[in-house]
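Got a few minutes to look through a fold together? Have the sequence and the 3D view open side by side.

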Amino acid sequence: MVTGTQSFETTKKMMKKSMRRCIAMMSLLVFALFSSPHSSVDASDTKPNIVMIAIDDLNDWVEPLGGHPQVKTPFMKRLATRGLTFTNAHCQAPLCNPSRTSLMTGKRPTSTGIYGLSPWIRNVPDLQDLVTLPQHFAQHGYRTLIGGKIFHGGNGRRTPKGKKKNYECDEWGPNASVGARPKSKLIPPTPGGNHGLMDWGTFPHLDEDKGDWKVASWAVEQIEAMPTDKPYFLSVGFFLPHVPCYATQKWFDLYPDETLEMPPILKGDRDDTPDSSWYIHWDLPEPRTSWLEKTNQLRPLVRSYLACVSFVDSQVGRVLDAVEKSSQADNTIIVLWSDHGYHLGEKAISGKNSLWRHSTRVPLIFAGPGIPSGMSCKQPVELLDLYPTLSGLAGLPQSTQTEGISLEPQIKDPDQSRQKPAICTHNAGNHSICDEGWRFIRYADGQSELYDHQSDPWEHNNLLKNDPYYEDSSKISVAARKAANRLMTYLPENDLPLAPGSRARILEKRSDGFYWQEKKIKPEDRLD
């Protein structure tokens, strides 16, 4: 016979057992909810944050690439130590607007017709609906922020006509700017109109007065106050070492003039390059090497550029410190890149706008969860590979508009080969193609150059100097012939003409010759 007390105890045990089952079931449900990759609850737990750092006009003069033996970039070195450096990365155009347009849309200049400093894609009917990299992330739940120079100039910051809001990102930070400037230029008047940006040197001012300091401060503030309800994509664009190359005295002190090492400048280095190699930088505000030497400005320019590189590295360091101190540090991927390189007297020019290594080779460093530490990859890669790479690392669907190839295989195994070389284009018909050992250049008139990087890393010896149209392959070695023939197969089949509204640094090959910014080029007017 069961007593009332026994009945109560039995019922109590059964209730406890039932309650444990309910709690267990609820725990499983909660776990499934929060661990599902499709969950909308705190998506930052499942998708990494992205901090993308862009630096304007930065060539390979950084410690991870060793382009200059004296350069001091401890923070980029620190980033490389905890990440993966692509030592053979190249831009898709040696000019700000087309390079950044390519990276941010994942499309080549030959596919958009964007070759000059204008137009902005939203002003071109056929391009206005392209989804940029931040927009792609925003479509998949990311908070997007842009500060400094990411698109060229002020592109993207204005609300388009007929639109109620700006759809490029969720929040804009300060635009890129020079910041403090001297009362008058520090160098003599330069050819080509004495452009206001053509200046360099130091004068009394503070680091805090510079535009890049303000951009870094904004980025630090965003990282420190970033909500955790969703992942974020933060783009931080620095202006220096773009001209004018102004820095405070302490950065110049890192590079004493008496011990300054100059870049490998070869006299007569353009004697073996075709006339068309001059056409792609025919008339520019950046002075030729001959003027720099005549006015004793070559050493000051090199010193100023190095000083600005070290200053902007310090601003990179401020952003890195903020990420590493944040609560989301372990779930944040950092990628650093430059839009193109810069000549400091090599090949008889200063500035960009060439198809040689000084203009095309750029820093590209990844660090964060899933990225190997302290490693490098020497495979040829392109900046437009960033779009599919970051999408893949974040677990997002790939965009169908992109033409790049994800670097995820090389991130998993830096020795993994890539079959496709890196291609750089400067106006329609002018292309540079390079792999691990060679660079082939083809200009719009068919003239070409070929360089063997194993024996000639500075590209001083054009192997096609006696056969610029590459009509007789027997004039070069078997190895050179194989390299040229292989790289030529990657020349774009179709180059779109200039997009509507194109201007500034544009070159066209027409039936009666080359035209620079609508004016026919007369070869005899060349300024060496």
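What follows is a walk through some helices, strands, single residues and a pocket.

A quick word on ground rules. This is a predicted model, where local features need pLDDT of at least 70, side-chain atom pairs count only at pLDDT 80 or more, and totals for chains, interfaces and linings use all residues. Residues are numbered from 1 along each chain as its sequence is written, and side-chain values use heavy atoms, with hydrogens and water left out.

Let's begin with helix α3, residues 96–105 (helices are DSSP runs of H or I with at least four residues, strands are E runs of at least two, both numbered from the N terminus). Because 10 of its 10 residues are buried, α3 is largely enclosed by the rest of the structure. Buried here means under 20% relative accessible area, exposed means over 50%, and partly exposed is in between, using a 1.4 Å probe and protein chains only. Among the buried residues are Cys96, Arg100 and Met104. The cover over them includes β1 (49–55), α4, α5, β9 (332–338) and α12 (386–393). Right after α3 comes Gly106, with a positive phi near 75°.

Strand β4 (residues 143–148) has a similar story: 6 of its 6 residues are buried, so the rest of the structure largely encloses it. Its parallel partners include β7 and β5 (two strands pair if DSSP finds at least two bridges between them). Ile146 has a bridge partner in each: Ser235 in β7 and Trp172 in β5.

Elsewhere, 3 strands make an open, antiparallel sheet in the order β19-β20-β21. β19 (507–510) and β21 (519–520) are its edge strands, each pairing on one side only. In β20 and β21, Tyr515 stands opposite Lys520.

Here are the strand pairs with their bridges:

| Strand pair | Bridges | Direction |
|---|---|---|
| β4 (143–148) and β7 (232–238) | 6 | parallel |
| β4 and β5 (171–172) | 2 | parallel |
| β20 (513–516) and β21 | 2 | antiparallel |

Now for two single residues. Is Ser359 buried or exposed? Ser359 is buried, with a relative accessible area of 0%, and sits in helix α11 (residues 357–360). Its side chain makes a polar contact of 3.1 Å with that of Ser354. A polar contact is a pair of N or O atoms within 3.5 Å; within protein, one must be able to donate a hydrogen and the other to accept it, and residues adjacent in sequence count only if both atoms are side-chain atoms. Leaving aside neighbours within four places in sequence, Ser359 also has contacts (heavy atoms within 4.5 Å) that include Cys91, Pro94, His340 and Tyr342.

Leu117 is partly exposed, at 23% relative accessible area, and lies in the loop between α4 (109–112) and α5 (133–138). Not counting residues up to four places away in sequence, Leu117 touches Leu95, Asn97, His152, Arg503, Ala504 and Arg505. The C-alpha atoms of Leu117 and Ile365 are 26 Å apart, with their positions 248 residues apart along the chain.

Last, the pocket. Of the 25 residues that line the largest pocket, the closest to its centre are Trp120, Arg122, Arg158, Pro160 and Glu168.

Note on methods
1 Å grid on protein atoms, 1.4 Å probe; cavity = no way out; pocket = protein on both sides within 12 Å on 5 of 7 lines; lining within 4 Å.
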